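Here is a walk through one protein model, written for someone new to reading structures. Have the sequence and the 3D view open as you go.

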Amino acid sequence: MRKLLLKSTFMAVFGLFSAGPALAADHASVLMYHRFGEDRIPSTNIRLEQFEAHLAELTSGAYRVLPLAEIVAKLRKGEALPDRAVAITIDDAYLSTFTEGWPRLKKAGLPATLFVASEPVDSRVRGYLSWDQIRQMRSEGLDIGAHGHSHESYGLLPLDKMRADLAQSHERFKAELGGVPPLFAYPFGEWNAASLKEIGNAGYQAAFGQHSGVVHGQHDFFWLPRFPMNESYGDIKRVRQALNALPFPVSDIEPAEVLLRNAAQNPPALRFTIAEGVKYLDRMTCYPSQGGTIPPKRLYDRRFEIKPPSAFPKGRSRISCTLPTDEAGRFRWFGIQFLVP
C-alpha cells in the first residue's frame with residue numbers, strides 16, 4: 001500500500017483574518033489560471049474584472065506572493081514560509097497570457113509561472129503564444145514550467161507514449177529556452193500511479209494537478225494541488241477561501257491508483273487516516289464532485305472510509321472533505337481526483 005501524506009484545503013466560511021502574513025507556516029496556496037478576458041470560453045477563462053479584483057486582493061498586504069519554484073524549494077528543505085504564502089500559475093500558453101494576464105501581473109509586481117505545452121506553440125495554433133513571446137515574458141520575470149508536448153492526458157497515455165511525449169517536450173525546451181524547466185503540470189490535471197513515477201524519473205522537482213488544496217512539505221510532490229480559477233469559480237469570496245485555506249493532514253491513502261479501469265473499482269472506497277492533533281473529526285463533511293454529500297464511515301480510531309453512492313461517470317471526478325479549525329473562518333480541506341477512462 002502506497003503511503004502518502006496529503007494535506008489540502010479549499011472552502012472556508014469567513015470570519016476575521018489577520019492583517020498580514022506574519023507567522024511561519026509549512027504550506028502555501030497555488031492559484032491556477034488558463035485564459036484572460038476570453039469570454040467565449042468561460043470554463044477556462046477569467047473575466048478581466050474578476051482578475052483585477054484578484055490582483056487587488058493579492059496586493060492588499062494580507063498575503064505573500066512568491067515564485068512557485070521558491071515555495072517548492074523551501075518545502076522540500078523544510079524551511080518556513082510566511083502564513084498565507086501564495087503562488088500564481090497559468091496553464092497552456094494561450095495568447096491572452098501575453099496580451100492581458102502577464103501585463104497586469106507585471107504591473108502589480110507579482111511573480112507567476114506559465115506551464116507550456118510545446119506542440120501547440122510549435123504548430124502556431126491560433127490563440128496560442130509564440131516562442132518569441134514566451135522568451136520575452138521570461139526576460140521580464142515570468143517563470144516557465146513544462147506541460148508536456150502534445151497536451152494529451154498523462155492519466156490515459158500508455159507508458160511508452162508518455163515517455164516519448166516527455167522526451168519531445170524536453171527537446172523543444174532545450175532548443176527554444178536553453179533547458180528543461182524544473183516544474184511540471186499535468187495536462188487536464190490528470191495522472192495515474194505510473195505517471196507519478198515517470199515524472200519523478202524525468203528529473204522534475206514537482207508536478208501539479210488541477211484539484212483544489214494546499215501544497216506543503218509532507219505532500220507527495222508529484223500530485224500537488226492548485227485552486228482552479230475561472231468565470232464560475234472566480235468571485236472574490238472564493239479567492240479569499242483559497243488564499244486562507246489550511247492543510248488537512250492524512251496518510252495511508254487507499255486506493256493508491258486513481259485511474260479506475262473497470263466497473264469493480266467504481267465507485268472507489270476512499271480510505272485515509274487523519275493525523276494526530278487534528279480536531280473535530282466528528283464534524284468532517286465529504287462531497288463528491290457530482291453533488292450532495294457522503295457520510296464518512298469511521299473504520300477505527302482516526303481511519304475513515306468515504307464511498308460515493310453511485311459510480312463516477314467517464315472523465316474526472318473528485319471527493320473532497322472539510323474540517324473546521326480553531327482559526328476563525330479557516331477550514332481544512334482534503335481532496336483527491338479520480339479518472340474513469
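## A buried glutamine and its neighbour

Let's start with Gln-50, which counts as buried because its relative accessibility is 9%. (Buried means under 20% relative accessible area, exposed means over 50%, and partly exposed is in between, using a 1.4 Å probe and protein chains only.) You'll find Gln-50 in helix α1. Helices here are DSSP runs of H or I with at least four residues, strands are runs of E with at least two, and both are numbered from the N terminus. Leaving out residues up to four places away in sequence, Gln-50 touches Asn-230, Glu-231, Gly-234 and Asp-235, where a contact means heavy atoms within 4.5 Å. Gly-78 is another story: 28 residues separate it from Gln-50 in sequence, and their C-alpha atoms are 34 Å apart in space.

Glu-49 is also found in helix α1. Is Glu-49 buried or exposed? With a relative accessible area of 52%, Glu-49 is exposed. Its C-alpha atom is 9.9 Å from that of Phe-36, and the two residues are 13 apart along the chain.

## What kind of model this is

This is a predicted model, so local features need a pLDDT of at least 70 and side-chain atom pairs count only at 80 or more, while totals for chains, interfaces and linings use all residues. Residues are numbered from 1 along each chain as its sequence is written, and side-chain values use heavy atoms, with hydrogens and water left out.

The predictor's confidence in each residue is its pLDDT, on a scale from 0 to 100. For the protein, the mean pLDDT is 91, and 93% of the residues reach 70 or more. Residues 1-19 are a stretch to treat separately: pLDDT stays under 50 there, and the model has 92 contacts beyond four places in sequence for them.

## The whole protein

In total, the secondary structure comes to eight helices and 21 strands. Along the principal axes, the C-alpha atoms fill a box of roughly 55 × 50 × 40 Å. A compact globule of 341 residues would have a radius of gyration near 20 Å, and the protein agrees with that, at 19 Å. (The radius is taken over C-alpha atoms, and the globule rule is 2.2 Å times the number of residues to the power 0.38.)

Of the 341 residues, 54% are buried. Looking at contacts with a separation of 6 or more, 69% are between residues 24 or more positions apart. As for the outside, the accessible surface is about 14200 Å², and carbon and sulfur atoms account for 50% of it. Those areas come from the Shrake-Rupley method with a 1.4 Å probe, and for residues only the protein chains shown count as cover.

## Helix α3, with a bend

Now take a look at helix α3, residues 95-108. Its 14 residues should span 20 Å at 1.5 Å a residue, and its end C-alpha atoms are indeed 20 Å apart; the expected span is 1.5 Å times one less than the number of residues. Where does α3 bend by about 40 degrees? The bend is at Gly-101, and a proline, Pro-103, follows within four residues. Here the bend is the angle between axes fitted to the seven residues ending at a residue and the seven starting there.

Ser-96, Thr-97, Gly-101, Trp-102 and Leu-105 are the buried residues of α3. Their cover includes β4, α1, β8, β9 and α5. Thr-99, also in α3, counts as partly exposed because its relative accessibility is 42%. In space, Thr-99 is 8.6 Å from Phe-36, C-alpha to C-alpha, though they are 63 residues apart in sequence. After α3 comes Gly-109, which has a positive phi near 75 degrees.

## Backbone oddities

Most residues other than glycine have a negative phi, and most peptide bonds are trans. Arg-124, although not a glycine, has a positive phi of about 55 degrees; it sits in the loop between α4 and α5 and is exposed, at 76% relative accessibility. His-151 has a positive phi too, near 65 degrees. This histidine, His-151, lies in the loop between β10 and α6 and counts as buried, at 17% relative accessibility.

Which residues does a cis peptide bond with an omega of about -5 degrees join? They are Glu-254 and Pro-255, and Pro-255 lies in the loop between β15 and β16. A cis bond also joins Asn-266 and Pro-267, with omega about 10 degrees, and Pro-267 is found in the loop between β15 and β16.
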